[in-house]
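Colleague: I'd like a close look at one part of this model. Take me through how it is put together, then through what lies next to it.

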Amino acid sequence: MEEVELNKEFITSQLTSSFGHYIINSEETYGMITITVDRSKILEIMNYLYLDPKLSFTFLTDLTGVHFPEPKDELGVVYHLHNLPANIRLRIKTFFPKSDSVIDSLTSLFSSANFMERETYDFFGIIFKGHPNLKRILNVDDLDYFPLRKEYALEDSTRTDKDDTMFGRG
Amino acid sequence: MTISEINYKKETTLEPINLGQLTTLNLGPTHPATHGVFQNILQMDGERVVSSESTIGYIHRAFEKLAERRPFYQITPITDRLNYCSSPINNMGWHMTAEKLIGIETPKRVDYMRVIIMELSRIADHLICNSILGVDAGAFTGFLYIFQQREAIYDIFEEICGARLTTNIGRIGGMERDFTPSIIAKIYRFLDDYTLALKEFESLFNRNRIFMDRTIGVGGISAERALNYGFTGPNLRAAGVDYDVRVTTPYSSYNDFDFDIPIGKNGDTYDRFMVRNEEMWESLKIIRQALDKLPAGKHHADVPDFYLPPKEQVYNHMEALIYHFKIVMGEIEIPKGEVYNCVEGGNGELGYYLISDGGRMPFRLHFRRPGFIYYQAFEEMIKGSLLSDVVVTMSSLNLIAGEIDA
Amino acid sequence: MVNTAEAPEGVEGPGFFATSLDKVVGLARKHSIWPLPFATSCCGIEFMATMASTYDLARFGAERPSFSPRQADLLMVMGTIAKKMGPVVRQVYEQMSEPRWVIAVGACASSGGIFDTYSVLQGIDKIIPVDVYVPGCPPRPEQIIDGLMRIQDLVEKEPTRRRDSSEYKALLSSYGIK
């Protein structure tokens, strides 16, 4: 196999040739290749990145959610992948409306995705389709909202001992 | 490399009893062997674990939400409480993330000072893990011996920043004050003392028949599974993968120093113990090199927009007062952007994923906590092992509740 | 050198010593407190230092940390108590037999500390009564020891019938503990 440099152009062209318009955007910010993809193909794209011998992004460093209330009230999932032998990191992002927050689970590919997806569900209410045990992980089971969404306050509104006006939050 | 290569086959006479009836055993969250706050519901067949389910979140403190409500410089105290056994590494990792976003270059002296502090706290972290592993295996003496040295490290931290455990050490852009000669003398003395203490500690454990019987072949994981489970740090290196952020993505001038990455072979409890011990030796090496060639210069970058001016100037000079006010009120220009930065924490790759929308507070800050990610392998690692091995395995993974539950 | 505890006030004569039962019991209890370390986070690490060789909590008669609530006199809650943990703390407290004391070590256990968030209990005195609060984030080992000594003072002076008093029962029932 000939040596290729794993740069933004190469990774993007490889992905685009296989997935076409499902690859929405690619850029490089602060030294990290960032590719935005469509969520409907996320599992296939991850599979491809994992299995392709030239790419082989086989280490899932991180998986997390993010909520953008402006402009379209979208939730996103951000994956950080790492090709350990070549030491290249890759960030994959995907966004979808909050009203329809469903995405494929990566647990079939990475065992490490299990807790991270549960955490993301717990924080943002993103449903990971195909997850073996998708339930709250950090919060109490009967919490009735997803606390890291931007519309919810940090503080517990039912607490009685702290006067918000004293903390400049009133 | 002193990692033992003896091929010791663990003898066991305990065959599964399989009476067709399993016992459910609740281990935690207040069980002393779970170090605080992990719950494992084990399905036991006699003494053997058939399956288990771990529950975490018992000290979930909402760090990530909290970070969205704090100006940048106020986030450092939160990072202290992530992995509280090695708070300075968390602090430095956060400072470096913010510096990466803003684009601050730190002087060499700052880098070296940071390396010294980070390696000291790595020693403190590994020391707790290994000595508590001894306690869980029934050897209390090593813990009592080595904890005197941890006090020495805390003494150094206290002189550097005023706190022992939750240090809040350093600032965005550098260190809050320079090392005094007495700090440097103290670190040199610690290096000498610790060499002896670690030798003593190793002689208590490394070839201790009982300790070896308790740990070799216990709670092992293969390199492939470890990578798939997202292991990093000493636990991954014990499985034989030489991945270390200090080497692959050198930060803070780590490439100036000569050190080895110790690796294990089997990924079992004994290997994890040995890798941590070896890493403490390597840390001592790094600290000595950094101290010997500590460059002269300022202890902070020249960035008045982000680095608090000295107090006497704030009281006497208008310009310094304005900067002070702007920083404290969070009226500084933070660029928009998205940064992932990672450091080699006590337990592995400690990552900070920061989204800034240009406001005084981060739009989103996510911590990649190594412990949280590798803890999910625990269920697989203890499958089929004895109950007493569960305790030892858990201990050797260095599970820090603050980090796991965030 | 062995230090013996000082005898309480009393009437002394050749071959006898008379004092009140409260004082004798208080003296004995004071020097043999069995603490239950309920260590969850950072303060727990400082408690480790308190227990270890340099500070040595055992000097105060607390030689045996009791991990079983049934055999413990003093519940030492060290660290953040999240809402998920709250019921567990309460259950541990309920399992302890009388007389029992509680010490809240650190800002989190006392008031929630810096974690004024949706997931953290704003002080354990929301669910169980607390005797001594130790401030600090985390407190130094000296402070934890000082907190234990304040508990010792309370233990020494406690009348033997306090736990049967109606005030104490009212206190417990205000927390819903029977």
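Modeller: One term before we start: two strands pair if DSSP finds at least two bridges between them. Keep in mind too that this is a predicted model.

Start with the small sheet of chain B. Three strands make it up, in the order E1-E2-E3. The sheet is open and its pairing is antiparallel. Strand E1 (23-27) and strand E3 (48-55) of chain B are the edge strands, each pairing on one side only. On average, neighbouring strands of this sheet are turned by 20 degrees against each other, if direction is ignored.

Now the pairings, one at a time. E1(B) and E2(B) are joined by 5 bridges and run in the antiparallel sense. Strand E2 (residues 39-45) of chain B and E3(B) are antiparallel as well, with 7 bridges between them. Follow B:Met44 across the sheet. In E2(B), B:Met44 is the bridge partner of B:Thr23. Towards E3(B), B:Met44 stands opposite B:Val49. Elsewhere along the same two strands, B:Gln39 has B:Thr55 in E3(B) as its bridge partner. The turn is short on residues: the hairpin of E2(B) and E3(B) has 2 residues between the strands. Look there for B:Gly46, which takes a positive phi near 65 degrees.

Next, the helices of chain B. Begin with helix H3 (residues 87-102) and H4(B), whose axes come within 7 Å and cross at roughly 145 degrees. From H3(B), the residues that meet H4(B) are B:Ser87, B:Pro88, B:Ile89 and B:Met92. H4(B) answers with B:Arg114, B:Ile117, B:Met118, B:Ser121 and B:Arg122. This contact divides into 5 nonpolar, 2 polar and 2 charged residues.

B:Ile117 of H4(B) also meets H5(B). The axes of helix H4 (residues 108-136) of chain B and H5(B) come within 9 Å, and they cross at roughly 160 degrees. Angles over 145 degrees count as roughly antiparallel, so H4(B) is roughly antiparallel to H5(B). The crossing of H4(B) past H5(B) is left-handed. On the H4(B) side the residues include B:Leu120, B:Ile123, B:Ala124 and B:Leu127. Among those they meet in H5(B) are B:Phe140, B:Phe143, B:Ile146, B:Phe147 and B:Arg150. By class, the contact of H4(B) with H5(B) has 14 nonpolar, 4 polar and 1 charged residues.

H5(B) leads us on to chain C. There, 27 residues of chain B make contact with 29 residues of chain C. Helix H1 (63-67), helix H5 (140-161) and helix H17 (401-405) of chain B each give at least two residues to the side that touches chain C. H5(B) supplies the largest share of that side, 5 residues. Sorted by class, that side of chain B has 15 nonpolar, 7 polar and 5 charged residues.

Chain A is the other neighbour. Here 31 residues of chain B are in contact with 27 residues of chain A. The elements of chain B giving two or more residues to this side include helix H1 (63-67), helix H8 (223-228), strand E4 (336-344) and strand E5 (349-357). In this case the split on chain B is 13 nonpolar, 9 polar and 9 charged.

Last, a look inside chain C. Its open sheet has 4 strands in the order E3-E4-E5-E6, and their pairing is parallel. E3 and strand E6 (132-134) of chain C are at the edges with a single partner strand each, so one side of each has no neighbour in the sheet. Neighbouring strands are turned by 15 degrees against each other on average, direction ignored.

Helix H2 (residues 42-51) of chain C packs on this sheet and touches E3, E4 and strand E5 (101-105) of chain C. Its direction makes about 140 degrees with that of E3(C). Helix H3 (residues 86-95) of chain C lies across E3, E4 and E5 of chain C, at about 165 degrees to E4(C).

Strand E3 (residues 35-39) of chain C pairs with E4(C) in the parallel sense over 5 bridges. C:Pro37 has C:Met76 as its bridge partner, and C:Ala39 has C:Met78. Strand E4 (residues 74-78) of chain C is mostly covered, with 5 of its 5 residues buried. Both faces are covered: C:Leu74, C:Met76 and C:Met78 lie on one side, C:Leu75 and C:Val77 on the other.

Methods. Residues are numbered from 1 along each chain as its sequence is written. Chains are lettered from A and ligands numbered from 1 in the order in which they are written. This is a predicted model: local features need pLDDT of at least 70, side-chain atom pairs count only at pLDDT 80 or more; totals for chains, interfaces and linings use all residues. Two residues are in contact if their C-beta atoms, placed from the backbone, lie within 7 Å. Ala, Val, Leu, Ile, Met, Phe, Trp, Tyr, Cys and Pro count as nonpolar, Asp, Glu, Lys and Arg as charged, and the others, Gly among them, as polar. Axes are lines fitted to C-alpha atoms, for helices over the stretch in contact, and angles run from 0 to 180 degrees between N-to-C directions. Angles under 35 degrees count as roughly parallel, over 145 as roughly antiparallel, 65 to 115 as roughly perpendicular and the rest as oblique. A crossing is left-handed if the near helix is turned anticlockwise from the far one by less than a right angle, and right-handed if clockwise. A residue is buried if 20 or more other C-beta atoms lie within 10 Å of its own, exposed if 12 or fewer, and partly exposed in between; C-beta atoms are placed from the backbone.
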